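Good morning, colleagues. Please take a moment to look at the structure on the screen before I comment on its core, its chains and its domains.

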Amino acid sequence: MPNTLLTLDQINVNFGPKRVLEGLSFSLQAGEIGCLLGASGCGKTTALRAIAGFEPVAAGRVILDGQQVASSGQEWTPQQRGIGMVFQDYALFPHLNVTDNIRFGLSRLDKVEQKRRVEELLEVVQLTEVANAYPHALSGGQQQRVALARALAPAPRLLLLDEPFSNLDVELRERLNQEVRDILKSRDITALLVTHDQHEAFSLADKVGVMHAGRLLQWDTPYKLYHEPAERFVADFIGEGVFLPAVVTAAGDIEFNADPQLGHRPCWPVCQARPGQAVQVLLRPDDILHDDTSPMQARVVKKAFRGAQFLYTLSLPSGQTVLSLVPSHHDHAIGEAIGIRLEIDHVIAFGV
Amino acid sequence: MKSSLLLGALSLALVGSATAEEVTVYSARIESLVKPLFDAYTKETGVQVKFVTDNEGALMQRIKAEGANTPADILLTVDAGNLWQATQMGLLKPVQSAALSANIPAHLRDPDGNWFGLSVRARTVFFNTKRVKPTDLSTYEDLADPKWKGRLCLRSAKKVYNQSLVGTLISRLGEAKTEQVVKGWVANLAADPFSDDTKLLEAIDAGQCDVGIANTYYYGRLLDKNPKLKVSLFWPNQTTSGVHVNISGAGVTKHAKNEKGAIKLLEWMSSEKAQNLLADVNMEYPANPKVKPDPYVASWGSFKHDYINVKVAGEQQANAVKLMDRAGYK
Amino acid sequence: MTLSLTAQAQASPPRRWNLQPGIAWLIAAITLVPLLVVLASLADPQTDIWAHLADYVLPQLLINTAWLAGGVAIGTLLLGVSLAWLTAVYDFPGRRHFAWLLALPLAMPAYVLASVQIGLYDFTGPLQTLLREWFDNSRWFPPIRSRGGVILTMTLALYPYVYLLARNAFLTQGRRALEAAAVLGLSRRQGFWRVAMPMARPWLVGGVSLVLMETLADFGTVATFNYDTFTTAIYKAWFALFNLKAASQLASLLVMAVLALALFEQKARGNKRYHGAGRSGPAQPIRLQGLRAVAATAACLLILALAFFIPCGQLLKWAATVIKTDFDSRYISFIWHSVLLAGGAAMLVVTLGLLLAYAVRGRDGHSARLAARLATLGYAIPGSVLAVGVFIPTAALDNQLIAALQALGWQTPPQILKGTLVVMLLAYAARFLAVAFEPTQAAMQRITPNQEAAAASLGLGRREMLWRLHLPLLRGGLFTAALMVFVDVMKEMPITLMTRPFGWNTLSVRVFEMTSEGQWEQAALPALAIVVVGLIPVALLARQTENR
């Protein structure tokens with residue numbers, strides 16, 4: 001039976017007169033990896049710092065493992081919360097070598113146990129060879145892993161990661177991403193990271209929250225965020241896609257009045273309109289299939305080669321454009337007309 | 001930690017109260033010029049003399065702040081002006097002592113008995129023996145004469161000895177006349193005023209200037225080191241007021257714990273056997289006229305000194321300072 | 001799940017207490033009490049003295065003071081920064097030794113250097129005497145007793161403050177920023193001006209403000225040159241016009257001017273931060289070749305000769321004439337007392353400076369910053385005035401204590417707190433907090449908030465963090481601070497004179513005694529002893545920085 005480890009309940013955080021977080025609520029089950037996703041300045045790092053205890057909350061509650069650790073005027077210190085944190089700049093201690101950096105939070109344990117944990121973690125993060133090196137002599141990826149090991153050493157109840165991979169190159173980022181997920185999962189660690197990179201969020205996290213302007217718009221699995229965005233902003237922010245105008249029929253279907261060949265679909269699961277109202281429907285590139293047998297034709301306006309696939313930008317008879325992912329053996333020239341078909345499982349329709 | 005230190009200090013202070021008779025002196029006269037004297041006194045009487053040195057201004061503020069609890073029995077200075085000021089501040093107490101009245105001439109002590117001069121410091125004129133004939137010299141005032149243009153060296157106006165000198169000039173000549181004299185001095189300067197008398201005497205020796213005003217004991221020290229010094233002294237104003245003198249003197253503090261002991265010490269210091277000990281150590285002149293100066297000092301010749309009461313130095317000090325400022329004497 | 005180490009499961013979440021502004025104000029009180037004694041004088045304007053000073057004295061003094069302060073600030077910056085840059089970034093013959101030798105002039109009291117300079121270079125000195133022998137005339141030689149002479153002398157005496165701090169900055173700022181500058185096409189010189197200098201700002205400001213405060217509060221040096229500055233007016237009002245109140249008022253103005261300057265700097269600095277840039281391995285020094293190497297060595301030698309070796313030679317020559325008669329067993333106690341006071345003060349003042357710098361860094365830094373500003377003003381007050389400011393409240397407290405104890409029927413001596421080491425050390429703290437605070441505060445800038453946050457998230461409390469994070473990272477800054485306080489206390493006169501116990505003499509008291517009667521030969525001996533004892537910590541500092 002999974003139990004809730006972290007709950008944020010209507011958190012507000014102010015910087016002076018300015019409100020930077022408003023009504024933030026979500027919860028994380030034990031062993032889950034959560035992620036706050038958003039552009040820079042959206043408040044995601046502030047949320048992380050409020051959970052860690054570095055920023056006081058102006059309203060709302062933070063509940064950790066059943067204990068209320070923060071509410072307005074009642075704050076546990078970071079030390080009391082038992083939360084580990086990995087910083088964007090790693091914040092390694094330059095005067096200590098790798099071993100001592102990792103050992104830093106273990107001073108309450110006896111020497112034998114300290115040694116055991118440090119050795120174990122060195123192995124986990126594969127830094128045994130550089131155990132005696134000083135931070136400035138390490139590569140970025142190594143520094144990152146020292147920071148992770150240091151945060152994991154005291155076996156925190158919750159691990160927070162602030163843009164943990166943003167300082168690394170792409171290749172290293174993807175590799176470490178997977179490594180970190182494996183480490184966290186194998187040790188059953190509950191973690192929350194913040195990032196602006198949705199690939200990172202999707203590959204690492206079980207639950208992702210999209211933030212914008214200090215508010216959390218949706219807290220859900222990556223699959224649902226992609227396929228069932230609760231708000232237009234989320235739909236825009238996550239993945240690729242376009243919006244096409246449509247109306248909701250009396251039967252509750254959507255009908256693309258400019259391009260009727262696209263056909264009818266039930267307005268489900270996200271349908272923010274009543275029958276008769278105009279809506280905007282989200283069409284992802286995977287919703288439009290290339291089908292030479294289809295009567296509906298669209299003209300190629302733009303194409304981007306993605307290895308296995310082409311991403312075509314297609315112009316419909318009405319002049320509106322849609323995106324379509326097509327296996328890359330279907331190589332069509334710009335200006336050529338190709339048959340397409342709408343294959344949509346989740347209709348996402350927002351009122352106009 | 002700090003509080004325990006404080007407590008430690010407190011208990012030390014409480015335990016450390018003395019048993020033998022003790023006199024405490026706040027001295028602006030430096031250790032090497034008073035310690036031989038105090039040691040002799042202890043040897044003779046068994047009375048311990050505790051002392052601390054500092055400059056006069058600080059010592060007076062200290063006595064003032066300590067109020068009734070001051071450890072000081074005696075304030076000892078190296079000029080009369082500060083003793084006068086200490087009297088003004090109510091730090092000293094008048095003393096009636098037949099011995100002191102007999103030993104110290106009236107013009108070298110406070111008429112009310114607040115303080116007593118114990119040694120005499122003469123401030124006289126010095127000249128370069130190669131470039132000046134003694135017959136060219138006459139008075140302090142004469143050094144303002146244009147004939148000395150570019151030939152005079154003076155010490156800084158910030159030194160109390162010069163303030164006292166100008167103070168006595170004011171009381172003798174009046175402010176207007178004195179200001180003219182001081183302006184004349186400034187106009188005649190060969191170099192910026194010096195910060196000490198020794199430098200000034202060396203400048204006369206080196207020919208940077210021809211004449212200057214300094215205290216005799218600086219000359220004595222320099223001559224001692226360099227007998228070939230091309231500098232000689234001249235006693236000015238012998239037909240008029242006499243050589244300007246200041247004193248090193250002392251008074252009993254108002255809240256003296258050991259008033260009797262303090263008076264005894266002062267009386268002893270003015271006595272014939274102590275006077276040479278006090279004056280000779282710094283080549284000064286004894287205040288007690290019955291005592292001859294050191295033979296070395298005496299060799300510079302005898303002179304008539306100014307018999308105006310030295311307290312004038314204090315009374316006129318502020319006026320003198322302001323006057324020197326006006327005259328541009330730095 | 002493994003056992004979590006950090007404290008948890010309290011019945012009720014404890015409140016977060018922020019003690020730091022409180023600590024800051026407590027420390028500031030050490031300075032504020034004497035400062036307020038001085039400022040209290042403002043309540044009772046001494047109009048006649050003011051009128052006189054304003055008419056005849058102040059205009060020239062203000063011009064003189066501005067020249068001196070500006071000249072010495074620029075001079076020490078030029079000398080201190082260029083020498084620091086040279087020894088931190090380049091390698092040339094003797095660099096390792098120059099790195100610490102160049103701090104030596106710190107041990108030479110400015111007032112001693114002043115009399116040495118005059119002794120050497122004035123009309124009667126050996127140089128001009130020699131010139132007269134050669135050319136028959138030396139009047140063309142620039143006079144040392146002049147504005148330029150004072151500025152030069154004080155620059156030579158005070159540049160080590162800037163040098164030590166600037167060097168610390170250059171050694172800790174890491175090479176990445178400079179590398180970035182190089183990549184962006186900046187030459188090394190441009191990199192110096194546009195990266196290294198701006199990144200060293202807190203250090204440079206710290207060093208120069210120490211120099212400025214010391215210059216503005218100085219009396220001994222300018223008096224030796226008979227160069228009248230604002231402090232001349234202060235001493236004139238007190239010692240010549242017998243008006244301590246007027247003197248305190250003038251000193252108050254000085255303090256307020258310094259405070260205004262400090263606040264202005266704080267404003268100008270704004271929200272800039274000065275953490276080290278990225279991976280900060282000490283950069284490999286660049287080897288200078290040929291003529292450039294010779295020039296670098298020669299420049300260091302020249303400065304050292306002018307500021308230290310030649311003056312030391314003169315002191316030695318003077319001291320030699322009196323060493324037989326004067327140097328005896330008393331010197332053991334002079335030196336012991338000096339070292340005891342300087343060592344004790346260095347430990348206390350550096351501890352207070354560290355706590356203050358730590359408090360300023362806290363969340364509610366505003367109030368703590370103000371406290372720190374005020375706490376460090378003691379360095380801007382002329383020593384004698386501050387000494388009275390310390391003495392008056394101490395004596396008043398003593399009088400209260402005595403009255404209370406006597407009311408209890410106790411026998412009391414006339415002084416309880418006065419003349420104790422505790423009071424002496426607190427008085428030094430009031431005077432020298434700035435000296436400890438500036439380098440510590442500057443060094444603190446290199447610790448990133450995230451490093452502190454990391455330590456906090458690893459369960460370290462504020463105190464533990466101080467011990468395990470700040471202290472090790474601040475070592476260089478703290479060592480510099482301790483050295484500067486140690487040497488400053490060794491040189492200090494007015495407070496030592498006024499607060500020392502009976503019969504307690506130090507080397508600087510000895511210097512005072514000798515100079516107050518114009519006996520420079522005799523004064524050379526204790527002055528030289530101050531220099532020699534001061535060498536010990538300078539050498540220690542050298543080893544400490546070389547080890548990094």
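Val349(C), leaving aside residues up to four places away in sequence, touches Tyr428(C), Ala429(C), Phe432(C), Leu433(C), Ala436(C) and Val485(C). I should state at once that this is a predicted model. Two of those partners, Phe432(C) and Val485(C), return in the wider picture: together with Val349(C), they touch the most other members of the largest nonpolar core, which has 406 residues. Which element gives the largest share of this core? That is helix 17 of chain C, residues 421-444, with 18 residues.

Let me turn to how the chains meet. Two pairs of chains are in contact, and the pair sharing the most contacts is B and C. Chains A and B, by contrast, are joined by no contact, and their closest C-alpha atoms are 26 Å apart.

I now come to chain B itself. Its domain 1 comprises 21-120 + 247-292, and its domain 2 comprises 121-244 + 312-327. Between the C-alpha centres of these two domains of chain B the distance is 28 Å. Each domain of chain B gives 14 residues to the contact between them.

Consider the side of domain 1 of chain B that touches domain 2 of chain B. Helix 4 (80-88), strand 4 (116-128) and strand 8 (244-252) of chain B are the elements that give two or more residues to that side. Helix 4 of chain B supplies the largest share, five residues. By character, the residues on that side of domain 1 of chain B are seven nonpolar, five polar and two charged.

Key:
Residues are numbered from 1 along each chain as its sequence is written. Chains are lettered from A and ligands numbered from 1 in the order in which they are written. This is a predicted model: local features need pLDDT of at least 70, side-chain atom pairs count only at pLDDT 80 or more; totals for chains, interfaces and linings use all residues. Two residues are in contact if their C-beta atoms, placed from the backbone, lie within 7 Å. Domain bounds come from an automatic or database domain assignment. Helices (H or I, at least four residues) and strands (E, at least two) are DSSP runs, numbered from the N terminus. Ala, Val, Leu, Ile, Met, Phe, Trp, Tyr, Cys and Pro count as nonpolar, Asp, Glu, Lys and Arg as charged, and the others, Gly among them, as polar. A nonpolar core is a set of buried Ala, Val, Leu, Ile, Met, Phe, Trp, Tyr and Cys residues joined through C-beta atoms within 7 Å. A residue is buried if 20 or more other C-beta atoms lie within 10 Å of its own, exposed if 12 or fewer, and partly exposed in between; C-beta atoms are placed from the backbone.
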